[in-house]
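Welcome! Here is a short briefing to help you find your way around this structure, starting with one pair of residues and working outward.

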Amino acid sequence: MGNCTNPVWPCAMAGAVSCLSGIEDLAVVIHGSSGCYYYPATLMPGELFGTFLQEREVIFGGAARLSEVLQGIPSHYLKIAVVTTCVTAVTGEDPAGVGADRDLLVVDSPGFCGGMEEGYRLAMEALAPAVAPETPGVNLDGIHPADPFSRGNLREAERLLALSGTTPATIFTDTTLDRLGRAAPVSLSVNPDLAGGAGRRIGSLLGLPAVAAAFRALGEECEGCDPGPVLEEVERAEERITHAADKYLRRHDPPTVAIFGMSAPSVYAAEMLATYLDCGIAAIGSRNDPGPSRFRVGKTTSLEEIRAVLDREQPDLVLGSSYERMVHPQGAFVGITLPLRGRIQLRARPLAGVEGALDLMEQVLNACMDRERRSRS
Amino acid sequence: MTLKPLPSGSRLEGCTLTGALSVSTQFRDAVTVIHGPPGCAQHNLSLFHATCLENDTVVLPRLASTDLDESGVIFGGEGALAEAIRDAAALDPPVVFVLSTCVVETIGDDTGAVCSRGWDVPVVHIPTAGFLGGVFRDGFHRALQAIAGCAGEPGDGPGGVVLVGEKNLEYEVDAHGGEVRRLLSLLGARVDLRLVRGMDWATLPRLGVSRLNVLREPDLAPLGVWLGGRFRTPYLPSYPVGLAGTLLFLARAGRILGMDAAGAVRREEEVQQEMLSCYADLSGSRVWCDRGDGAGEGAALVQELAAVLDLRVDRHGTAVPLPDPLPVGTTGIRQLLHRWRRAIHG
């Protein structure tokens, strides 16, 4: 416990809800106050239920209210996940004993137990997905509805699998309960910072070298998988990025960069920028506990910490969320993490895969060129 | 499109904490401490972030969280609260607001006692306690009342008009405030203070010299009465709604301010006639609006517009929108009628 000014990273409850809400036939009930409901409801595109507890239910117990909400949940949901919040965790509510005629899954992930990734992990643990060795294809993990790149990442991963002659198996989490129980033996991830589902994770799709390595591994593991077309595409993408970056560098110095987001996507972006644009990586502020990297990565979860880093480094380019854009409007900006408020995003934009790498570099170069033009005018 | 199912009644009315924060964070120079888990601060910061961007505001309020974790829940968080207040005071703000959440209320922390320890800066405790303290509206009212109670002795100089209780999370908040300001300017009156929107703490004593308080909505009447008792300031119970309502607002404001409103009313009536002439093409259209049925201010507005524009209101007519809160003043009606025309001709 410590004091924190303007925290920017969602709590464990929101992470659990994000993981669970990707399962089509699973109803998700937030067992707590309306205040806890509204935030996830703004992030998740699908249907969410809430108990919207009031004072008397905290004092006398919320079981009757939960039961009332469970009874109103349409029967096409095969199972119901009840996610606890801070107050229901403190008062010791036991949702498992309520609603005996419905199949319940209790996910104990109150906000005070950690950040979004912790809630996601707890939800995945509660779901307990399983491998069915005979299931063909490859699972995809790291997809979650709150992520502004989830649709784009999923489409890009599916496209690459199709290119290699493989099919997606279970998608964690954009799937059904049935498919959770019969995942394929191997998985690829679009965000290794999020807990995987079932199946051995053999690679990540964050970055061109990672895509190439993942599909080479897949070629060895999966019968019928031909990594050739994907490797060719990776090579062509590298050429295109190199050409565009080279042209930029003929007239401009490489930008100094500060990157904020979850650790793995941030390090991926840093690798891309250092490799293709020779950027100096001034700082990486990770929203979650940082993983291994050749860059120095600090955990940065409050607006004041973000502001301190940006004031100190004064980077030319910032990758992050709309918080970073707001704090450092003088820099070029590319969004790579939630929230991305104040801009309209309708298309499915990927961050992972070949198209994700191309999109990232395209956004970076355009943002840098726009900034140069602004500074000249 | 999937709609998220929401229950009816007070369960739907949001969090007390958010209501109070929507007021306290409008002091540009204050720090607000939220005593609870970081998620409560993050949820609200995210909301204010989105609202700020929609209103082209680039400065976020300073929200400190006591960052209550599992051990804080078990052993109590009063120490963390004291530390957070100390840290906030070190930033040298003119005031620190302290708001509690439902979890600290549940574990029994005495937030009020920690706040009254005699700090170097004024520490204003607004009891919120999330849903344990009521709903959004309760937090909103409680914060306004707590702040009004801090106004102290009236400030110097002649006062103007004070807008009380603007809905800071409303998408059109500045448009609505701007319309009231425009109407008052027809009388030659000026808005001196917005309680509370984009304020500095040092300007709070201006509340005491106000000549007229304009409440955002009738729900705020108890505060209007309290301010009347404390500073002898009369109030108008709400922003103007409807064509006739706007003219009546001008007449009443003029009477309270001791200004002759006849000229202002006449000019505004001309503006309204000119505006309505732009929508003559809607004449004879059939419209329907759920909230326009029966009694109430919404229904009165629909009926008034139907009468002046020669519209037929029936259940088989084109569905037209009626926002909540209702449009303010003549400008609000003009914007509403653009949307009606789009619906009718769409």
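**A first foothold**

A good place to begin is A:Val29 in strand β2(A), which stands opposite A:Phe49 in β3(A). This is a predicted model, and the points below follow β2(A) to its partners, then to a helix beside it, and on to the other chain.

**Strand β2(A) and its partners**

- The pairing of β2(A) with β3(A), residues 49-50, is parallel and has two bridges.
- On β4(A), residues 79-84, the pairing with β2(A) is also parallel, with six bridges.
- A:Val29 has a counterpart here as well, for it stands opposite A:Val82 in β4(A).
- Six of the six residues of β2(A), residues 26-31, are buried, so the strand is largely enclosed by the rest of the structure.
- In a regular strand, side chains alternate between the two faces of the sheet.
- In β2(A), A:Leu26, A:Val28 and A:Ile30 point one way, while A:Ala27, A:Val29 and A:His31 point the other way, and all are buried.

**Helix α2(A)**

- Together, β2(A), α2(A) (residues 34-43) and β3(A) make a right-handed β-α-β unit.
- Because eight of its ten residues are buried, α2(A) is largely enclosed by the rest of the structure.
- Among those buried residues are A:Tyr37, A:Tyr38 and A:Tyr39, along with A:Cys36 and A:Pro40.
- The cover over the buried residues of α2(A) comes from both chains: it includes α1, β2 and β3 of chain A, and α1 and α2 of chain B.

**Where the two chains meet**

- The contact between the chains takes 42 residues from chain A and 46 residues from chain B.
- On the chain B side, α1, α2, β2, α3, α4 and α5 each supply at least two residues.
- Of these, α2(B) gives the largest share, ten residues.
- By class, the side of chain B that touches chain A holds 24 nonpolar, 14 polar and eight charged residues.
- Strands also pair across the chains: β1(A), residues 4-5, and β2(B) run antiparallel and are joined by two bridges.
- In that pairing, A:Thr5 stands opposite B:Ala64.

**Chain A as a whole**

- Chain A has 14 helices and 14 strands.
- Its C-alpha trace spans about 70 × 50 × 35 Å along the principal axes.
- The radius of gyration of chain A is 22 Å, which agrees with the value near 21 Å for a compact globule of 377 residues.
- Of the 377 residues of chain A, 60% count as buried.
- Among chain A contacts between residues at least 6 apart in sequence, 68% join residues at least 24 apart.

Technical notes: Residues numbered from 1 in each chain as written. Chains lettered and ligands numbered in written order. Predicted model: local features only at pLDDT ≥ 70, side-chain atom pairs only at ≥ 80, totals over all residues. Helix = DSSP H or I, 4+ residues; strand = E, 2+ residues; numbered from the N terminus. Rg over C-alpha atoms; globule rule 2.2 N^0.38 Å. Buried ≥ 20, exposed ≤ 12 C-beta atoms within 10 Å, placed from the backbone. Contact = placed C-beta atoms within 7 Å. Pairing = 2+ DSSP bridges. Right-handed = clockwise from strand over helix to strand, strands pointing away. Nonpolar A, V, L, I, M, F, W, Y, C, P; charged D, E, K, R; others polar.
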